[in-house]
Amino acid sequence: MKRQENVIRVSVRNLVEFILRGGDIDNRRSTGREKDAMQAGSRLHRKIQRQMGSSYRAEVSLRCRVEIEDLILQIEGRADGLIEEEGRLTVDEIKGVFFDVSRLEEPFLVHKAQAMCYACIAGRDRGLSQVTVQMTYGNLETEELRRFTQEWEMEQLGEWFDSLTCRYGKWALWQYRHRLMRDESMAGLEFPYPYRPGQRDLAVSVYRTISRGKKLFIQAPTGIGKTMSAVFPAVKAMGEGYGDKLFYLTAKTVTRTVAEEAFEILRRHGLLFLSVTVTAKDKLCILDKPDCNPDSCPCAAGHYDRVNDAVFALIEEGGMLDRERIRKVAKEKRLCPFELCLDLTNWADGVICDYNYVFDPNVYLKRFFGDGVSGEYLFLVDEAHNLVERARKMYSAVLYKEDFLEIRRMVRGHSRKLEQKLGRCNQALLELKRECENWQVLPGAGHFTLALQSLYGEMQEFAENSTALDHNETYRDFFFAVRHFLNISERVDENYRIYTELEKDGRFLIKELCVNPANCLKECLNKGNGTIFYSATLLPMAYYRELLCGDEEAYAVCAASPFDRSRRFLAVARDVSSRYSRRGRQEYEKVCGYIRAMAGARAGNYLVFFPSYAFMDGVYEALSAGSREGLRIIRQSSRMTEAERETFLEEFGTQPAAEEGSLVGFCVMGGIFSEGIDLTGERLVGVIVVGTGLPQICTEREILRGFYDEAGKCGFDFAYRFPGMNKVQQAAGRVIRTARDRGVIVLLDDRFLHEESAALFPREWDDCQVTDRRRFAVQVREFWERETDEIETMDAGADR
């Protein structure tokens, strides 16, 4: 649905939180002051509403329009309840909390302000002279209620409300005028380059999907220009009213840079577009480790008193608000750079951020994706194959029995009640542990969850009344882990499995595992107007469609590779296996033979991807025991720092001279060098992928397998084969990044020749050859000789 051009919408909650905020950032009391209890409050809301009688109307949508010069400010929200009796109106605002409500002396300002806004809107709609505001606080554990009521003369309440909207006026006017200029710039915007083969069709598909409010999955090989093919039509659709804020979602820093560059290119072609790149707090913070309170950080003191002026100055300047620009202004104005960054997203046309800022229930931007909040959002999900496992992690929760004992020792002497409730949780886990030999899927965790809810309420109470553990990170992390587990328990349905496991080190865990995250992701995606998922490795499409949105009506496009196939040699070796049962010196020697043949056919830079560090080390030892003439080997190590990663990649800066031999990098499939690196031209001319990428057998993989077997599908495919082949394709995709590149791709495992694996190859691999150690060296030499002859012919033609 197209937006109304002169209407600016703002939710009641966002309005009061933005205008009425002030003072310091202080995380020391945040655990106790988290008054909204997230999803856990919904049940109590409904119970209170049902008990209120026939005159009580629940979840009433309210809105009003305020004229400000040439725009209309639409303020909207949903009141928890309206009570209308004998011409009198009471507006009820309900808040579910975990602390003792009997100790509450007055409602919190932001809660009361929301209720006052709803009361003013409803009172004016009905032409009343008086209205009553009621704040209802309910303890989620005991269900004890505490109410505060206040009668208002509508004249007085209206003055307060009008003052609030007036203070918001300059922001609404900026937003309206900026949008007019932005949309005008979008109307005349042209695609910045000549279209590559297939690129225009992709752009058209993206535009049509957004205009119809649908979802689209794009499988498009490297080189077709996926980023601009998604960004340009999304921007054009925004200009025509099909969206008002674009979220570019990524899994890695390098793809965030690609997005920034795409928007900057369009700006140079006339686009007026304010974009913000959201950077993780620990990378923006001025401290070595974030500690957000006035005693630890000079930026925290008075932050909310100063931040709005800085935000307004930055949005008026416009352009790209990236990490360095935000840090610079934050330093000048003595502001928290992370909080400044988050505030800027309110006014940005485009937000470039990690997946978690949209989907993760602990991190997502509540101003856009909180309960009851929606907008005219467009989602571009880059490298979407990564989202499956990321989403599973976001929507799963785990707790360890041993942590309850540690925290119990920690609180001893500070709170007897807290100590007891930790003991009850530990006892519930002990009972589950006695029933578990290795791992066990549970029908539910009701008994433990009830004990955990009681514990969490006591932890809230403790945080309100004691500062003893305010700076204890272990306690704080445990608090958030408990909260997350309880919040996830509200989501548990047929797409989850709850299990316990006794780990090898003796630790005992209980986990809520999200097997199929589609419904959780849809909660966020359905708050917007359209979603585009794209990746170079999004096969099989049905697998990703089921796990990322579950929408059978979602569109799908598979684009053809724009590259000349004659410029790459692709082969599967039939005489090598990476099966665990066959791993040993004999198979390692076979892999060594392929490495020597590939690197010896032409001096250059090569990468070899292994299924594990153990396999990599075995091949390295075998290679070191034999001839390494003409080879220089460098290896990926576990837990590499960013500096070590950069040093590794710098080795691939130039083509080695013939007398220097070849550089061969040993890496682990699915690791940091398997995707997100762009070694073009002579920086990389060959890749060997050892094995089919199958994840290691573990408890969670077996649970996934059983889940899909029970659903009548091939559980092995969902748990092992599909994720494995994605890793293979990502690793193979490190070579041939541009139309001018040439290279060799070799898949070492006879299972690639099996129908189940071959069926998952992208269509540009249909010319894949079969090879073995006897023929491989000759095949590779012939490929490079043919390529050299063609280049010399082209050069000769150019000279003439």
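This passage covers model confidence, the nonpolar cores and the aromatic pairs of a predicted structure.

Local features were taken only at pLDDT of at least 70 and side-chain atom pairs only at pLDDT 80 or more, while totals for chains, interfaces and linings use all residues. Residues are numbered from 1 along each chain as its sequence is written, and side-chain values use heavy atoms, with hydrogens and water left out.

Confidence looks good overall: the mean pLDDT (the predictor's confidence in each residue, from 0 to 100) is 91, and 95% of residues reach 70 or more. Residues 30-40 fall below 50, yet this stretch still has 37 contacts (heavy atoms within 4.5 Å) beyond near neighbours in sequence. Residues 794-800 also stay under 50, with zero contacts beyond four places in sequence.

As for packing, the largest nonpolar core (buried Ala, Val, Leu, Ile, Met, Phe, Trp, Tyr and Cys joined through side-chain atoms within 4.5 Å) holds 194 residues, of which Leu340 and Phe359 touch the most other members. Here buried means under 20% relative accessible area, exposed over 50% and partly exposed in between, with a 1.4 Å probe and protein chains only. Leu340 touches, among others, His303, Val307 and Leu314. A second, separate core of 35 residues includes Ala573 and Leu631.

Aromatic rings of Phe, Tyr and Trp (its six-membered ring) pair if their centres lie within 6.5 Å; planes under 30 degrees apart count as stacked, over 60 as edge-to-face and the rest as tilted. That rule gives 48 pairs. Phe191 and Tyr195 are stacked, because their centres are 4.2 Å apart and their planes at 20°. Phe191 is buried, at 11% relative accessible area, whereas Tyr195 is partly exposed, at 35%.
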